[in-house]
Amino acid sequence: MKDAGSAVALMGNPNVGKSTVFNALTGGRQHTGNWSGKTVSLAEGRITGEDITLIDLPGTYSLHARSQEEALAREFLTCGGAQAVILVADAACLQRSLVLVLQVLEVQPHAVLCLNLMDEAQKQGIEIDLAALSFELGVPVVAASASREEGMGELLEQLRRILDGFEAPRP
């Protein structure tokens, strides 16, 4: 990797499965829960088998902070604390996450979008064109169901490509 010991932020709205993605990638036991404000501080862990530190930020709806937790997430991202970011979005409610995704991409273009809860979206008959979404956003998009650890290998591969400089942000 370009930078040994890379730091990667994990961001997204509340209740999209950020802590579940964190646990799947790190083998950690970050407590997960289905309520807003569950993560109120930074959680940190090493991605299994990698020299990458993953920082689980509190859930936020935008970079315009309205709470202490949202301010913490914004400050970490905007002060250059991470070489890249994994944006986690609920595939069944994608539109709600896009405000934050677009704001983050303006500040940190080295990103991958993890569409979590794809199993739930499929149950609701929701289909997402991953290639078209990736093209429009200019970053890789990975389908996942973190609770089943589905898509985590591809997410890690895309993250490696970003950190190694093989996946450059597109306008």
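A disulfide here is a pair of cysteine sulfur atoms within 2.5 Å. With that in hand, a search of this whole predicted model comes back with 0 disulfides.

**View 1. The whole chain, before zooming in.** The fold comes to 6 helices and 6 strands. Reading from the N terminus, the elements go β-α-β-β-α-β-α-β-α-α-β-α. The chain has 171 residues, and buried ones make up 50% of them. Take the contacts between residues at least 6 apart in sequence: 67% of these join residues at least 24 apart. As for the outside, the chain exposes about 8,300 Å², with carbon and sulfur atoms supplying 49% of that area.

**View 2. Two cysteines in their surroundings.** Are Cys79 and Cys114 buried or exposed? Cys79 is out in the open, and it counts as exposed because its relative accessible area is 57%. Cys114 has 0% relative accessibility, so it counts as buried. Cys114 is part of strand β5, on a side it shares with Val112 and Asn116. As noted at the start, the disulfide search gives 0 for the whole structure.

**View 3. Strand β5, wrapped on both sides.** All of β5 (111–116) is out of reach of solvent by the burial count: 6 of its 6 residues are buried, so the strand is largely enclosed by the rest of the structure. Look at one side and you find Ala111, Leu113 and Leu115; turn to the other and you find Val112, Cys114 and Asn116, every one of them buried. Strand β4 (residues 84–90) runs parallel to β5, and 6 bridges join the two. In one of these pairings, Val88 has Cys114 of β5 as its bridge partner.

**View 4. The buried face of helix α2.** Four residues to pick out in α2 (residues 68–78) are Glu70, Ala73, Phe76 and Leu77, which are buried. Why do they belong together? Looking down the axis of α2, the buried residues fall within an arc of 130°, so they line one face of the helix. What does that face pack against? The partners are β1 (6–12), β3 (52–56) and α3 (94–107). Just past the end of α2 sits Gly80, with a positive phi of about 75°.

**View 5. A salt bridge along helix α4.** Lys123 and Glu120 form a salt bridge, and their closest N and O atoms are 3.4 Å apart. Both residues belong to α4 (residues 118–123), 3 residues apart, which is about one turn of the helix. An α-helix has 3.6 residues a turn, so residues three or four places apart point the same way. The two partners sit differently with respect to solvent: Lys123 counts as exposed because its relative accessibility is 62%, while Glu120, at 33%, counts as partly exposed.

**View 6. Salt bridges around helix α6.** The whole structure has 7 salt bridges, and this view takes in a few of them. Glu157 and Arg160 meet through their side chains at 2.9 Å, N to O. Both lie in α6 (residues 152–164), 3 residues apart, or about one turn. Glu157 has 38% relative accessibility and Arg160 has 24%, so Glu157 counts as partly exposed and so does Arg160. Arg161 makes a salt bridge with Glu167, with 3.7 Å between the closest N and O atoms. Arg161 is partly exposed at 31%, whereas Glu167, at 17%, falls under the 20% cut-off and therefore counts as buried. Through shared partners, salt bridges also join Glu50, Glu157 and Arg160 into one network.

**View 7. Two loop residues with positive phi.** Neither residue in this view is a glycine. Leu117 has a phi near 65° and lies in the loop between β5 (111–116) and α4. Its relative accessibility is 25%, so Leu117 counts as partly exposed. Glu149 has a positive phi of about 60°, and its place is the loop between β6 (141–143) and α6. With a relative accessible area of 53%, Glu149 is exposed.

Terms used
Residues are numbered from 1 along each chain as its sequence is written. This is a predicted model: local features need pLDDT of at least 70, side-chain atom pairs count only at pLDDT 80 or more; totals for chains, interfaces and linings use all residues. Side-chain values use heavy atoms; hydrogens and water are left out. Buried means under 20% relative accessible area, exposed over 50%, partly exposed in between (1.4 Å probe, protein chains only). The arc is that of the directions from the helix axis to the C-beta atoms. Contact means heavy atoms within 4.5 Å. Accessible areas come from the Shrake-Rupley method with a 1.4 Å probe; for residues, only the protein chains shown count as cover. A salt bridge is a side-chain nitrogen of Lys or Arg within 4 Å of a carboxyl oxygen of Asp or Glu. Two strands pair if DSSP finds at least two bridges between them.
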